[in-house]
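Colleague: Could you show me how to read a helix and a core in a model like this one?

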Amino acid sequence: PTYLPHTHTHTHTHTPQNNIVSTRFSLAYFECSVLFCSVCLFVCLFGRCFSLPLSFLSHSLFLCFLTMDDEYDVIVLGTGFKECVLSGLLSVGKKKVLHMDRNPYYGGESASLTLQQLFEQEEKTSEVDEGVYGPSRDWSIDLVPKFIMASGKLVDMLIKTDVTKYLEFKKVDGSYVYKGGKVHKVPATDAEALSSSLLGVMEKRRCKSFFEFVQGYEEENPKTHGGFDLNTVTMSAVFKKYSLGSSAVDFIGHALALHRDDDYLEQPAVDTVKKIQLYMNSLARYGSSPYIYPQYGLGELPQAFARLAALYGGTYMLNTPIEEVVYEGGKAVGVKSEGKVARAKMVIGDPSYFPDKVKKVGQVVRCIALLDHPLDHTKKQPSLQVIIPQKQTGRQSDIYMSVLSHSHKVAAEGKFLVICSTTVETDKPEAELEPAVKLLGPTIKIFYSVRDVYEPLADGKSDNTFITRSYDATSHFETSTHDILDVYRRITGEELDLTPPPETPETPQ
């Protein structure tokens, strides 16, 4: 089932291009068109004679016409999820945007790869035994695994910008939590809550009172605050009032509020209450789990927003070397590529393009596991999330497992894709995923990777350089969406209006 509106037939190759509509066709315009087409034809024929890749030809052709006088409102570096969303939003806001990426594909760190591309990246070989793994093209493997909260800010952005017409979504079948050496389903209905072994009978009663308080909480209505000022009282104090034990607190804080660690307990309770409300609202939207996920992988998201930007006049250049960001008087004024400078009022990008303007704040370890069987104790569900709370393993942060299969068009028929991730705490990051790896059972293949996490040193206002944060270990997009909204606010000086567009009234029959 598809849960957000869409109108397109999926293809893996998206080539955004501007539609030029003119009601006046002058001789001068005709001559320019003939000249431009002639140059295009010459470059393409020349390139094909020497077997040059089309991606090289496209950006070389663009550089032929790029002059020192070309100026944009914004230049965006990197086609990761965050950068493409910002590019799309700013293009809709009538900004002239040039979007560049050193890679020959969309997505950057958040790309989705075929199995052959993954083997080339991790094993340095393009040889894939399709008898073992199935067709390489049937795999679409996220480098940064995340689900989408069905009532989260990202869904608001998708609906606001009408990007949903480029995408197909399907709900994730279940959400699970690890306790006592096995996985348990997070209850999605009253019947599941009553039969669940996660909590005892008395604990369930106390949780019911707590959930009634959370569900009825309205920030603007003091009568719903239960005598608390949630902007000052800590979450641990709220739990204490409802006499919730450590098992209930662990379950609520990590499986529902989706906190990565226990720091939230001594922080103002309002944030956690809103996170639980988000989980409840997302769960109520489609049932069984609070998550949705795009068919064919997360790599579809940046491409969809790239289409949006192109529709509003944005220009895209892939496989383009970035020599430097050009500064004048301490402010970014453009980007230099192959000796040419494109000028702009500001530059946006991911941390990899600004090594001297970011700081390392940690690391994330991930493993990509290919299986030919579902996870045990999950009723053979084809898609799900498993959260392993920190206290279950003696760690300081949670471990996340994202399980997907052919049902979301990201794995070959009969195969499962499991991606585990957590925040690195020791000098043996791969060993930190061992609790998750033990739940996998036999694997066909497993890949490990460790990525540094960066954040900008400054807010970018003083030098017109706006840098996004690296992706964290969380299994959902809420932290990434908050980063997008924060960068947008710093760039424009205003909040992004996420009010849904008015619905078109149906024509009477």
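Colleague: What should helix α11 span at 1.5 Å a residue?

Modeller: The expected span is 1.5 Å times one less than the number of residues. For α11, residues 270-286, that gives 24 Å for 17 residues, and the end C-alpha atoms lie 25 Å apart, which agrees. Helices here are DSSP runs of H or I with at least four residues, numbered from the N terminus. This is a predicted model: local features need pLDDT of at least 70, side-chain atom pairs count only at pLDDT 80 or more, and totals for chains, interfaces and linings use all residues. Residues are numbered from 1 along each chain as its sequence is written, and side-chain values use heavy atoms, leaving out hydrogens and water.

Colleague: Which residues of α11 are buried?

Modeller: An α-helix has 3.6 residues a turn, so residues three or four places apart point the same way. Among the buried residues of α11 are Val-270, Val-273, Ile-276 and Tyr-286; buried means under 20% relative accessible area with a 1.4 Å probe, protein chains only. Just after α11, Gly-287 has a positive phi of about 80°.

Colleague: And which residues touch the most other members of the largest nonpolar core?

Modeller: In soluble globular proteins, nonpolar side chains tend to be buried together. A nonpolar core is a set of buried Ala, Val, Leu, Ile, Met, Phe, Trp, Tyr and Cys residues joined through side-chain atoms within 4.5 Å. Here they are Phe-210, Leu-230, Val-238 and Leu-301, in a core of 101 residues. Its largest share, 8 residues, comes from α11. Leaving aside neighbours within four places in sequence, Leu-230 is in contact (heavy atoms within 4.5 Å) with residues including Val-270 and Val-273.

Methods: Helices (H or I, at least four residues) and strands (E, at least two) are DSSP runs, numbered from the N terminus. Buried means under 20% relative accessible area, exposed over 50%, partly exposed in between (1.4 Å probe, protein chains only).
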